[in-house]
Amino acid sequence: MARFTVLIVAVVLAILTAAPMPGVTAKKYTVGENKFWNPNINYTIWAQGKHFYLGDWLYFVFDRNQHNILEVNKTDYEGCISDHPIRNWTRGAGRDIVTLNQTKHYYLLDGKGGCYGGMKLAVKVEKLPPPPKSAPVKSIGSVSIVTGFAQFMIPVSLFAFPTMWDLISRMW
């Protein structure tokens with residue numbers, strides 16, 4: 001039984017050391033924060049300072065009998081025209097999500113009259129920023145000192161693999 005436990009621990013350790021760590025994950029934005037998707041809220045101000053990236057999503061909370069979420073072109077957005085939307089994001093629950101799955105400008109508005117009360121939102125979706133560059137390596141003689149916590153750590157896999165191999169070979 002102890003050998004089986006050691007094997008399981010070794011396999012889990014190997015998977016954890018080999019698994020890539022995600023750099024950036026998608027973010028969920030609740031539109032309007034705690035005021036949600038309602039008239040008389042300036043969504044342009046709400047969106048200021050926020051960066052919307054590919055894969056992020058906008059979460060809309062609203063009264064489904066009074067409002068909806070339509071994607072329109074820039075001209076229709078500016079004029080609050082909802083006659084020919086690009087897409088209707090409303091699913092009927094009043095808790096709807098717009099997935100930002102393309103790098104472009106999204107022009108969203110309420111097509112049931114709320115646009116005239118300010119219920120419109122324009123966001124520009126960008127590609128994910130590149131991951132941060134590694135910290136520089138400073139060499140002192142034959143010893144290298146690596147700056148930055150992530151690179152200071154010697155990869156666990158350098159020690160884990162030989163240890164796992166030793167444990168497995170002892171079991172057989």
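Five helices and ten strands make up the secondary structure of the protein chain, as seen here in a predicted model. Of the 172 residues in the chain, 26% are buried. Among contacts with a separation of 6 or more, 64% link residues 24 or more positions apart in sequence. The chain exposes about 11700 Å² of surface, and 62% of that area comes from carbon and sulfur atoms.

A good place to start is the open sheet of five strands, in which the pairing is mixed and the strand order is E2-E8-E7-E4-E5. Its edges are formed by strand E2 (52-53) and strand E5 (87-88); each has a single partner strand, so one side of each lacks a neighbour in the sheet. At the E2 edge, the partner is strand E8 (residues 120-126), and the two strands run parallel, joined by two bridges. One residue pair can be picked out here: Tyr53 has Glu126 of E8 as its bridge partner.

Strand pairing also links E1, E3 and E6. Strand E3 (residues 57-61) pairs with E1 in the parallel sense through three bridges, with Thr30 standing opposite Tyr59 of E3. E3 also pairs with strand E6 (residues 95-99), this time in the antiparallel sense and over five bridges. In that pairing, Leu58 lies opposite Val98 of E6.

Lys28 gives a closer view of E1, the strand that spans residues 28-30 and contains this lysine. With a relative accessibility of 42%, Lys28 falls between the limits of 20% for buried and 50% for exposed, and therefore counts as partly exposed. Beyond residues up to four places away in sequence, Lys28 touches Trp57 and Tyr59. Asp56 is 28 residues from Lys28 in sequence, yet their C-alpha atoms are 6.0 Å apart in space.

Attention can now turn to the interior. In soluble globular proteins, nonpolar side chains tend to be buried together. Here the largest nonpolar core has 21 residues, and the members that touch the most others are Trp37, Phe52, Leu58, Phe60, Val98 and Leu121. Helix H2 (43-47) contributes at least two residues to this core, as do E3, E7 and E8. Leu121 illustrates the packing well: leaving aside neighbours within four places in sequence, its contacts include the aromatic residues Trp37, Tyr43, Trp46, Phe60, Tyr77, Tyr106 and Tyr107. Val31, Ala47, Leu58 and Leu108 are also in contact with Leu121. A second core, separate from this one, consists of seven residues, among them Val72, Tyr77, Cys80 and Tyr107.

Cys80 leads on to the disulfide, of which the structure holds one. The bond joins Cys80 to Cys115, with an S to S distance of 2.1 Å. Cys80 sits in the loop between helix H3 (74-79) and E5, while Cys115 sits in the loop between strand E7 (105-109) and E8, so the pair ties together parts that lie 35 residues apart in sequence. The torsion about the S-S bond is about -75°, and the disulfide is therefore left-handed. Both Cys80 and Cys115 are buried.

Notes: Residues are numbered from 1 along each chain as its sequence is written. This is a predicted model: local features need pLDDT of at least 70, side-chain atom pairs count only at pLDDT 80 or more; totals for chains, interfaces and linings use all residues. Side-chain values use heavy atoms; hydrogens and water are left out. Helices (H or I, at least four residues) and strands (E, at least two) are DSSP runs, numbered from the N terminus. Buried means under 20% relative accessible area, exposed over 50%, partly exposed in between (1.4 Å probe, protein chains only). Contact means heavy atoms within 4.5 Å. Accessible areas come from the Shrake-Rupley method with a 1.4 Å probe; for residues, only the protein chains shown count as cover. Two strands pair if DSSP finds at least two bridges between them. A disulfide is a pair of cysteine sulfur atoms within 2.5 Å. A nonpolar core is a set of buried Ala, Val, Leu, Ile, Met, Phe, Trp, Tyr and Cys residues joined through side-chain atoms within 4.5 Å.
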